[in-house]
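Visitor: Could you take me on a close look at one small part of this model, and then walk outward from there? I would like to see how that spot sits among the chains around it.

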Amino acid sequence: MSVPLPLFVALPLVAAFVLPVFGKGLKPLATLLANLVTLCLLVMAVLSLGQSRIYEVGGWSIPLGINLVLDGLSALLLTAIGVVSAAAMLFSTRYMEQYTAKAKYLSLFLLMVAGMNGVVLSGDVFNLYVFLEIASIASYALVGFGCEHEELEASFKYMVLGSVASAFVLFGVALVYANTGSLNMTQISATIRQIGMNAGLAFALSLFVAGFGLKAALVPFHAWLPDAHPSAPAPISAMLSGVLIKALGVYALARLVFNVFGVSIPVGWVLIALGVLSMVIGVFLAVGQWDFKRLLAYHSISQMGYVVLGIGLGALILAQEGDPLWASLAILGGLFHLVNHAVFKSLLFLTSGSVEMATGTRQLKQMGGLVERMPYTRTTCAVASASIAGVPPFNGFWSKLILVIAAVQARFYILAAVTVLVSLVTLLSFLKVQRYVFLGELPESLDRTRENGGSMLAAMAFLAVLCLAMSLLILLPSLRETVLQPAVDVLVKGVTSPTAVVAR
Amino acid sequence: MAYALCFLLFMIGLYCAVVKKNMVKIVLGIMIMEYAVNLFLIMLGYVNGGVAPIIDRAAYDVQTHAIAPQFLKTSVDPLPQALVLTSIVISLGSLALMISICIRTYAKYGTFDITEIRRLRG
Amino acid sequence: MSGMTVIVKTVSSWVKVLIFLFGIYIILFGHLTPGGGFAGGVILASSYVLLMLAFGRRFVEENLPSSIASKLDCLGAFLFALLAILGLVLGGTFFANFLYQRYLPGEPFELVSGGTIPLANIAIGLKVGASLFLVIFALASFRYDGPTSEQKPAAQGTGQKE
Amino acid sequence: MTLFYILLVFMVIAAIIAVETKDLLSAVICVGAIGFGGSLMFLFLRAPDIAMTQIVVEVLGLIILIRATISRDLTFITGDREFVGTVASVVILFLIFMAGMRIFDALPEFGVPVFARVPETASQAYIARGLEDTGATNIVTSIYLDYRAYDTLGEATVLFTAVIGATVILRSQSRKRLEDPEL
């Protein structure tokens, strides 16, 4: 069954346009509608896994109109967005009761989802910029949703850096247009192969790297993330760390580098450098944190480093014309870690939200002994921690293992060692979380703490089961062939990827 | 040279956004960057001695539905104009949101100075 | 904000009608002349902004309550999305210009031409006008009563952070 | 041609004043001047649609900006952030600027559009077929609302998002009281 691609964008958009009209009395209905929409998007995304097609909006053929591209990579990202947004929306049902203006929250949430889906599906650089802005602007507002001191400050910082990044991206788009006369990704890459990279295109590429690097919070550009992600309400933190930085940052960067500009050795090294820096610096900054959500945010930087490292390694091997098998293995590791991180990091943020709602604090030192009071939250948190630290048999283990194997095979022994080392430090850091939050003595003040019930638990349980089940994505060949392999192929084939050919 | 001045405008905006410590100044810097990019896009499409991409009755033959070749030759590039129309709206939207955040922050902290708005650290 | 002098009020109550009409003109003729839904919508919003500046916020609130403006905003956006979906249903693809291609080609240079383009202009004009009015209204009615009213005691926030 | 250079230089000067002036209100007005300069520039660059949009947006944008600055006890926050950081960023920006200047070698001279160099661009097709394909005589509108209407949907959504965001940020009470455990 093939879903018309614009529905991925139109469905959440229409729902978002309708939701603010719902008054106070209809709030349960609004929540139900929003949940249905995210669920529907998840089902649609899962159905489109392994498919590949082009949709010409308005019926205009390629150079005239905008086209939407569904290929392995977009389908993978769509599914990740679907999973995380369905879980976060379910979690919000109860969690967001502590805030006012819930209908607007739901609307902004769906707008953010629509923006991300639009970015992932777009086959046109300017259209990508427009949807990037939708998702970003919705996320600026959502970060500041609580309207307290910290939230506003974080939101402003995030908004300034995000707007600068958007301006970079727009300037890059303008330069690409100036040099190739086209906005369609397929046409641009064809023109670039014809005229070669000139100074203008190289500058545009560096603007894209800076702009999307800012959106992905890779290390020299990471300043906003540790403020913005913890300040948002927990389900939004889960969305931001879980999928937003990936769809807006890493996905867009990978798409442009691999499928539009084509890989080259300098770009490969830049990506590897960004990845390693993020990995190492992120994890060492995380170790010293005592704020639960802030610690998780620093780990997001570090884990995004893994993803970018895998992709960069693949780009470098491809550009050096090394063995494509190892290149695809590295990219497989990167992309698999991307989806894994989406699941376990959003789960971690949801558990932190659950703990925060129950105890009223985020400081690790003020908690303790919650294992008796919140056994379910504790279990899900333990699963996610094991996952992020790479403990077998959880999903994080497999993706890190693949990355290490790829690095060793490509003779980057130091990179492999760093990867393992960072993983160990991550493990230590999460042992600390377990020790301070759930073990130890229960402080007097938290005596009345109770488990949060209903939808919040359901959302966490869903993600926790996925943490374990996603190992099957790599272990079962049939699943691997339909889910991960098409995405890897899109990147490995680069500017000659099948969708690029189909589009002609 | 004209493009270079446009790029200079972009860099002035970037400088303002990066270096200044007044929140409103930072917003102004971002606005200047966006003006510069919009201007750059429109300048890309300019044709020396061109006409606006709007067909008037003189340039259109009602019987044959043909457009005068003169118009085809001298019309400026319409695509960047459509793009800039979109990007102007986007910058207006983000300006409105940014100013809202600024005003609300001012009400909380009583200052626009971002070196004093520092509760988040570490 | 109780408004300005009588001269300003009288003049602006006349000028506002002209501005409003001009906005409608710009919207309707967007596919033939420069302008279009967005510019026209901003002009519509600015006629209300003029009223707000001249007569004060209260007066405008009575004429066009923000709850109605918010509904208009949603309506405009919804209509535009609906046009896109109608394109999918009636024209085969998302955003197909089904009116021009199937039902109502119209003559060039006439008001009724371009198929869905004038309709899209109207939807956008409605949406933009309402939403910009809302923004300005929200900004104008945000009460700033000095930092003391909202500021928490300084010790509370700083003590918790490491 | 000289007209463009005069306007551009005017905009650059206004930008420098806006960045460096001590008074916030004058800075805002200078940015308005850049906007109006840009609007004139669009008019002379044969982009009447953009000129019109820019000018109305400029008016509303100025109202929004002045709302932010007026009736504040303007505390004349001047100066930059830390000295070392400022110097470092100026050096980096200068390097970017010098690198960026090189890209203009690759661009054609001003006045020769992209579609004059690259064969078979979409723009030529828009000019030649726009009226026939969409029935609108304003080619910009035909691109904006027909060929690339999907972008416009995105753009309307951005505005919608920003408005909801602004009303959310400016709402008077953000959290309910949570004392009641049964909430």
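Guide: Let's begin at C:Ala140, which, once its neighbours within four places in sequence are set aside, is in contact with C:Met52, C:Arg57 and D:Arg67. Please keep in mind that this is a predicted model. C:Ala140 belongs to helix 6 of chain C, which covers residues 116-141. One of its partners, C:Met52, is 88 residues away along the chain, yet the two C-alpha atoms are separated by 9.0 Å. Is C:Ala140 buried or exposed? It falls in between: 18 C-beta neighbours lie inside 10 Å, so C:Ala140 counts as partly exposed, given that 20 or more would be needed for a buried residue.

The contact with D:Arg67 leads us over to chain D. The domain assignment there gives domain 1, residues 1-70, and domain 2, residues 113-172. Taken over C-alpha atoms, the centres of domain 1 and domain 2 of chain D are separated by 23 Å.

From chain D we can step across to chain B. Their contact takes 77 residues from chain D and 72 residues from chain B. On the side of chain D that touches chain B, at least two residues each come from helix 1 (2-20), helix 2 (24-44), helix 3 (48-69), helix 4 (83-106), helix 5 (122-134), helix 6 (139-147) and helix 7 (149-169) of chain D. Helix 3 of chain D gives the largest share of that side, with eleven residues. By class, the side of chain D that touches chain B holds 50 nonpolar, 18 polar and nine charged residues.

A good residue for seeing these two chains together is B:Ile32. Leaving aside neighbours within four places in sequence, B:Ile32 is in contact with B:Leu9, B:Ile12, B:Gly13 and B:Cys16 in chain B, and with D:Ala15, D:Val31 and D:Ile34 in chain D. B:Ile32 also belongs to the largest nonpolar core, which has 378 residues. The residues with the most contacts inside that core are A:Ala141, A:Ala174, A:Cys467, B:Val27 and B:Ile32. Both domains of chain D take part as well, since the core draws at least three residues from each of domain 1 (1-70) and domain 2 (113-172).

Now for chain B as a whole. Chain B has four helices and two strands, and from the N terminus on its elements run α-α-β-β-α-α. The radius of gyration of chain B is 21 Å, well over the 14 Å that the globule rule gives for 122 residues, so chain B is more spread out than a compact globule. Along the principal axes, the C-alpha atoms of chain B fill a box of roughly 70 × 30 × 20 Å. Even with that spread, 67% of the 122 residues of chain B count as buried. Of the contacts in chain B between residues at least 6 apart in sequence, 61% join residues at least 24 apart.

Chain B also touches chain A, in a contact that takes 28 residues from chain B and 27 residues from chain A. On the side of chain B, helix 1 (2-19), helix 2 (23-44) and helix 4 (78-109) of chain B are the elements that give two or more residues. The largest share, 13 residues, comes from helix 4 of chain B. That side of chain B has 18 nonpolar, six polar and four charged residues.

This brings us to chain A, where there are 21 helices and two strands. Here the radius of gyration is 21 Å, close to the 23 Å that the globule rule gives for 504 residues, so chain A is as compact as a globular protein of that length. The C-alpha atoms of chain A fill a box of roughly 70 × 55 × 45 Å along the principal axes. Of its 504 residues, 68% count as buried. Among contacts in chain A between residues at least 6 apart in sequence, 80% join residues at least 24 apart.

For a last local view, try helix 7 of chain A, residues 185-195, where A:Met185, A:Thr186, A:Gln187, A:Ile188, A:Ser189 and A:Ile192 are buried. A:Gly196 follows helix 7 of chain A and has a positive phi, near 75 degrees.

How far can you trust the details? Chain A averages a pLDDT of 89, and 98% of the residues score at least 70. Confidence in chain A is highest in helix 5 (residues 125-143), at a mean of 94, and lowest in helix 21 (residues 498-502), at 49. Where pLDDT is low, the predicted coordinates should not be read in detail.

Methods
Residues numbered from 1 in each chain as written. Chains lettered and ligands numbered in written order. Predicted model: local features only at pLDDT ≥ 70, side-chain atom pairs only at ≥ 80, totals over all residues. pLDDT = per-residue confidence, 0-100. Contact = placed C-beta atoms within 7 Å. Nonpolar A, V, L, I, M, F, W, Y, C, P; charged D, E, K, R; others polar. Rg over C-alpha atoms; globule rule 2.2 N^0.38 Å. Buried ≥ 20, exposed ≤ 12 C-beta atoms within 10 Å, placed from the backbone. Domains from an automatic or database assignment. Core = buried A, V, L, I, M, F, W, Y, C linked by C-beta atoms within 7 Å.
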